[in-house]
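Ready for a few warm-up exercises? Have a look at the model below, then work through the tasks one by one.

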Amino acid sequence: MSDVVYPPESAYNLVPREEVHTQKPQRYISKFRPTVILEEKSNKDAMRTMGPAKAEVPSPEKYLKKHSKEPKLPKKTQCLREVHSTCTMRKPPVPLRTDIPPMGIYTKRDFIKTAAVVPMKPQSICVDTSKGHKQLLENSGLVPKYIKKKHYGEVPEYLQQRNDEERRAQEEYDNFVKEQREQGAMKHLSDEERHAVLEGLKKNWDELHHEYQGLSLVTDSLSKKSHKERLEVAMKQLENDINLIERFKTIYIPNN
């Protein structure tokens, strides 16, 4: 058998099809192409003749002489003795024992002399690792420089402003509650009433919990499932009410 696979026969293959001509996009041509061609031609024209380009040959008079490349010392203009003898400037006199030495002298030109007169105080450093890493002691946090500030220990202005706003809001709330109580719209729940309400809620929760514990383990009917869910929702609501009453000591309720 031959391995040639023929397409399946179909009547649609007899219908002539229109040839689809795909248009290829234009080929990319760099805008630097003419410049590159000119540079390549110019480099070829430079070496068209046989051999390298002609260079100037040194004349036979400029030959390399002996010891011409050795370093030479500058010529001495005057002798050291002559300089000392011809010097007209006089040195300053030796300072007396009672004279005050100059303090705070520092110039970039004569740093060595300044350091000899007034030695610079070394900066204090702090080594914080076993490998010798060091930093300035002032930036290490070990120097108590913040307690020497002028306003150290005082409450910042933004904290004072926030405390004033909280106090003002509390006063407005107290005034509102007082007005509502005077109008009879709200009633303050006493400690005995609050304790009685709390005990009643806990008792109701115990009864529901006892009933919930008595349910069967298998909820094979819709009535059992709905009854279980109803008990869970009621117990969850009682738990939220108990937490709310235990958290707040002062409770207001409407009269109606």
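Accessible areas here come from the Shrake-Rupley method with a 1.4 Å probe. Keep in mind that you're looking at a predicted model.

**Exercise 1. Find how much area the chain exposes, and what share of its residues count as buried.**

Step 1: Add up the accessible area, and the chain exposes about 26500 Å². Step 2: Split that by atom type; carbon and sulfur atoms supply 56% of it. Step 3: Now go residue by residue, where buried means under 20% relative accessible area. Of the 256 residues, 6% pass that test.

**Exercise 2. Work out the order of helices and strands along the chain.**

Step 1: Count the elements: there are six helices and four strands. Step 2: Walk along the sequence and you get α-α-α-β-β-α-β-α-α-β. Step 3: For the contacts, take those with a separation of 6 or more; residues 24 or more positions apart account for 48% of them.

**Exercise 3. Track down the largest nonpolar core and say which helix gives the most to it.**

Step 1: Collect the members: this core has ten residues, namely Leu189, Leu198, Leu201, Leu208, Leu231, Met235, Leu238, Ile242, Ile245 and Ile251. Step 2: Map them onto helices; helix 5 (191-213) and helix 6 (222-247) each supply at least two. Step 3: Helix 6 comes out on top, with five residues. Step 4: Zoom in on Leu208, which touches Leu231, Ala234, Met235 and Leu238 once residues up to four places away in sequence are left out. As background, nonpolar side chains in soluble globular proteins tend to be buried together.

**Exercise 4. Is Ile125 buried, partly exposed or exposed, and which patch does it belong to?**

Step 1: Locate Ile125 in strand 1 (residues 125-127). Step 2: Its relative accessible area is 46%, so Ile125 is partly exposed. Step 3: Look for nonpolar company on the surface: Ile125, Val127 and Leu136 form a patch with about 250 Å² of accessible area together.

**Exercise 5. Do the same for Pro254, then check its distance from His188.**

Step 1: Pro254 sits in strand 4 (residues 252-254). Step 2: Pro254 has 55% relative accessibility, so it counts as exposed. Step 3: From C-alpha to C-alpha, Pro254 and His188 are 8.9 Å apart, with their positions 66 residues apart in sequence.

**Exercise 6. Describe the surroundings of Ser30.**

Step 1: Ser30 falls in the segment before helix 1 (33-46). Step 2: With a relative accessible area of 30%, Ser30 is partly exposed. Step 3: A polar atom of the Ser30 side chain lies 3.2 Å from the backbone nitrogen of Phe32.

Definitions and conventions
Residues numbered from 1 in each chain as written. Predicted model: local features only at pLDDT ≥ 70, side-chain atom pairs only at ≥ 80, totals over all residues. Heavy atoms only, no water. Buried < 20%, exposed > 50% of the residue type's maximum accessible area, 1.4 Å probe, protein only. Polar contact = N/O pair within 3.5 Å; in protein donor to acceptor, adjacent residues only side chain to side chain. Core = buried A, V, L, I, M, F, W, Y, C linked by side-chain atoms within 4.5 Å. Contact = heavy atoms within 4.5 Å. Patch = residues over 30% accessible without salt bridge, like charges linked within 9 Å, V, L, I, M, F, W, Y side chains within 5 Å. Salt bridge = Lys/Arg side-chain N within 4 Å of Asp/Glu carboxyl O.
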